[in-house]
Amino acid sequence: MATETVVEMAAELFPDVAIPTIHIGMATCGLAAGARSIQELVEKELAKRGIEARIIPTGCIGMCHNEPLVDITMPGKYRVSYRNVKAMVIPQIFDAHFVKGEFAKKYAVCQISVAGHTPYEGLSLMNETNFFKGQVKIVSSRCGLINPTSIDDYIATNGYKALKKMLFEMTPEMIIEEMTKSGLRGRGGGGFQTGLKWKFTRQSPGNEKYVVCNADEGDPGAFMDRSILEGDPHSVLEGMLAAALAIGNSKRGYIYCRAEYPLAIRRLRKAIADAHERNFLGDNILGTDFSFDITIKEGAGAYVCGEETALLASLMGERGMPWPKPPFPAQKGVWGKPTVINNVETLGNVGHIILGGGDWYASYGSEKTKGTKTFALTGSIKNSGLIEVPAGTPLRSIVFDIGGGMIEKKIPFKAAQLGGPSGGCIPVSGLDTPVDFENVVAAGAIMGSGGIVVMDESSCIVDTAKFFLKFTQDESCGECTPCRVGSKIMLDILTRITEGQGQEGDLDELIRLSMYVKSNSLCGLGAAAPNPVLSTIRYFREEFEAHIRDKHCPGTVCANLIKYVVIEEDCTTCGLCEPVCPTGSVTWEKGEVAHINLETCIRCKACVDACKFRAII
Amino acid sequence: MTKAEHGAALEITDEQIDQICEEFGNREGSVVQVLQIIQEKYGYVPAEVLERVGDDLGIPHSKMFGVLTFYSQFYQEPRGKFILKVCVGTACHVRGAELLVDKIKENLHIEAGENTEDMMFTLEPVACLGSCALAPMAMVNGNSFGKLSPDRMLEMIHQFQEEEASENKESVSAS
C-alpha cells in the first residue's frame, strides 16, 4: 500500500550507514517551543563529545504538546523520539545513546521503525501509542518524519512517483477516474467531489486554464494546512501537477498562502526551486511536452479570501470581495479563464491516491466521506496537536483516546467546537457523533477545515459564541448588508448578555436574525456566521438563560456575572487567591476559608483565575 | 522624499517605485504584490508612494486606496521596530490571550494597533497564528513564542528593550 512504505521510513533516508542522525521538529509549533535553541545545544554537545552526526530539521509529527521533539537514529537501529526536550536532558539522552548504547527511557515517547534497522526492547512503537493508535496517516504521513527542505527525502518516500505514473502511464481521463473512485471531497470544508471538479474544469472550453491552491487557512484554531506545507511541501506541488494534467491546457498554477505563515511560504519557495532543478516543474517536464510552473501569492490579511471567489479576486490584485456563483471558477476563474481551485490537504492527498489507487483510498472512511481527514486538536485537552483519522471516527475517541481527555483531570468535558467561525459546538450528548461531513452537520456543527477546540466546564458557552461572532463581524468584507449589519446587531445582543444586560426575548431575536443572515448573505462567510450562535442556543439554552435571567455565568468567565463568593465546601484553604488580588479584598489565614470583601472588590477576576478548584463563583 | 520615522525604514525614491512596478510587468493584477514589497522595505505604505504606484500601473487612486484599506496587513502609518503579534484565536482565547494583551497595554501604554512613543513597539492582536497547541502564543518580527504567560510576555519586552539599548551603544561606539 502506498502509505506503509512512507510511515515505515525508507532506509534511503539514512544514507550514511555509520553516522547517527538527529531529527529536530522545526515546524512553527516546534520553533515556538524553542527548537532553535535546542538545536544549538545539540550541536554544542556533539562538538564537546567529538561525535559526528547529521542534524535534520523536520516538520510537525502532530504531537505539538510534546514539542520540542528530538529524534535520534543510531546506525542500524530504530528511530527514538524524545519529548519536551530541555537543555538539562540532552546530556542524559546522549549518554544513553552514545555511551551506553541504549535509549533514555525517562524521556522517550516511542520508537519509529526504519526499514532494515532493528528495534530497541522496552519501548513502544509509534503506532502502538495511544496518540497514534487510532490514527491513519496518509496526507500527513511524511510530516515530522522527513526533512521538508530536502527533495531527496521526498523522493526516497515515493515522492514524484505519482507524477511519473501520470505522465507516462495515464491519460487525463484516467487521472480523473481515479480521483472520482477515491471519493475524495474538498478538505477545505466545502466537501465537493474533487474528481467531479476536475472533470468540470476539463470540460470547460478554453486553451488557457489555471490551477490554484487555497492555502489561506484562516479559521482560528486550525493549522492542518500549515503543518502539511511546513512538513511536506512537495506533496502539494505534486497534487497541483496532477490537477494541471487532468484539466489540460494548464501551464501555470498559483498558491495563495496567508501571510501569517512565513515559514510555510519559505519552505514552498525552496520546494519549487528544487523541483525546478530536477525538472519536475518548468518546461518539458521530464522530457514530455507538458510544461507547468507555480507562483506563490501571499495574502495580505483578509479572512474572507479563504472563500474561493474572494481568493481569486485577491489573486488578481483586487479587493478580496466574493462574487455570486455562477459563474463557478471552473467556468470563469483567474483572468476569466477556467480554474480549478483546491485546498492544501486535498492536493496533498492526490499523490497517495494516484499511487495507491482510488479504491484503496476509498477503503477508509465512512459511506459518504471517504478516506482520512486531518484535525487540529486544541483547547482544554491533554494531547493537543495535529491528527489524521479515518472519516467517521467518533468524536469520543478523538477527544478521549487520541486526545487523552481533559487537561485538568477534575474539570469535565463540556463541548467540542468544530469548524471554527462557521461551525458549532457539540455537547456531551453528541460525543458519539461519527465525524464526517454529513453527521457533524446533523449534530449542528460542520466538519469545516478540521479545527476541533475542546472546552471544559470552566469555559463559557455564551462567551464562545460571542468570540466567533466578533471574529466574523471583524472579517465581514462589507459587501452585502445581511452579513455586515446583521452580524453587528447579533454581536451587540451577545455582548449585552455577557455584560449582564440581557433581556427576555433576546434569544428569540438572535435566532430570528440568524435565520435571516443565513439565508440572505452573498457568500459562505455570512451564510455560516450565525452557526456558532445557533448551535450553542440549541444545546446550551439554560446557560444563555442563566446569563439573561439569573445574571450568572456558570463557567465563571464573564467578569460582570460572577458573584465573587467563596464556596466553603470547595475551598481547600490553599490561599492562592489572596496574593493575586490587586485591591487587597481577599482575606485568608492559613487553614481558613478565604473571604472576599465585595465593597472593595473591583471584579477583575484575578482570584477566580487563580483558584484551581473553582471555589469562587 | 523624507525619511520615515519608522525604525527599519529605508529611503525609497520614485525611480525605485517605478522599478518595482516594472518588475511585476506593470499589470493591474500585481497591485497587492507591489504594495507588499514596498511595505516590506518601508514598514508602511505612505500616501505619496501609493499615488506613484497607481500612476505607474494606470490604476485610479480611489481603487488603489480601496485595495490598501481592504487588507489588514497594509499600514498607512509608520510602525514600531518590534511588532508584537499576539494571537487571540480560539485556542489562545480560551487559554487567556486577553491577559497577555492587557499586560502589554498596561506596561507600554498603548492600545491595539498603536505604537509606543519611541516607535519601539506596535501591539497587534491577530486572529490565529496556527500554533494552537502552544497557546497562548505570540509572534514578534517573524519569530514564534509559545506557552506564554503575562509575566513571560513582559520579560520578553524587557529583553527586546535591552537588546535595542546595547545595539545602540555599539553603534555609537563604532562611529
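This is a short viewer tour of chain B, its contact with chain A, and one helix of chain A.

Keep in mind throughout that you are looking at a predicted model.

**Stop 1: chain B on its own**

Start by selecting chain B and showing it as a cartoon. You should find seven helices and four strands. If you trace the chain along its sequence, the elements come in the order α-α-α-α-β-α-α-β-β-β-α. Of the 175 residues in chain B, 38% count as buried. Now think about contacts between residues with a separation of 6 or more: in chain B, 66% of them join residues 24 or more positions apart.

**Stop 2: the two domains of chain B**

Next, colour residues 14-70 of chain B as domain 1 and residues 82-174 as domain 2, following the domain assignment. How far apart do the C-alpha centres of these two domains lie? The distance is 29 Å.

**Stop 3: where chain B touches chain A**

Bring chain A back into view. Here 33 residues of chain B are in contact with 40 residues of chain A. On the chain B side, select helix H2 (31-42), helix H4 (61-70), helix H5 (90-94) and strand E4 (143-145), the elements that each give two or more residues to this surface. Which of them supplies the largest share? That is H5(B), with four residues. Colouring by class shows 18 nonpolar, 14 polar and one charged residues on the side of chain B that touches chain A.

**Stop 4: helix H12 of chain A**

Now move to chain A and select residues 262-277, which form helix H12. This helix has 16 residues and spans 23 Å from first C-alpha to last, close to the 22 Å expected at 1.5 Å a residue.

Show side chains for A:Ala264, A:Ile265, A:Arg267, A:Leu268, A:Ala271, A:Ile272 and A:Ala275, the buried residues of H12(A). Why do they sit on the same side of the helix? Their arc around the axis is only 165 degrees, and that places them on the same side of H12(A). A reminder helps here: an α-helix has 3.6 residues a turn, so residues three or four places apart point the same way.

Turn to the other side of H12(A), and you meet A:Ala273 and A:Glu277, both exposed.

To see what covers the buried residues of H12(A), add other parts of chain A, including helix H6 (151-156), helix H10 (224-231), helix H11 (233-247), strand E7 (250-257) and strand E8 (293-298).

**Last stop: just past the helix**

Finish by selecting A:Asn279, which follows H12(A) and has a positive phi, near 65 degrees.

Definitions and conventions. Residues are numbered from 1 along each chain as its sequence is written. Chains are lettered from A and ligands numbered from 1 in the order in which they are written. This is a predicted model: local features need pLDDT of at least 70, side-chain atom pairs count only at pLDDT 80 or more; totals for chains, interfaces and linings use all residues. The expected span of a helix is 1.5 Å times one less than its number of residues. A residue is buried if 20 or more other C-beta atoms lie within 10 Å of its own, exposed if 12 or fewer, and partly exposed in between; C-beta atoms are placed from the backbone. The arc is that of the directions from the helix axis to the C-beta atoms. Two residues are in contact if their C-beta atoms, placed from the backbone, lie within 7 Å. Ala, Val, Leu, Ile, Met, Phe, Trp, Tyr, Cys and Pro count as nonpolar, Asp, Glu, Lys and Arg as charged, and the others, Gly among them, as polar. Domain bounds come from an automatic or database domain assignment.
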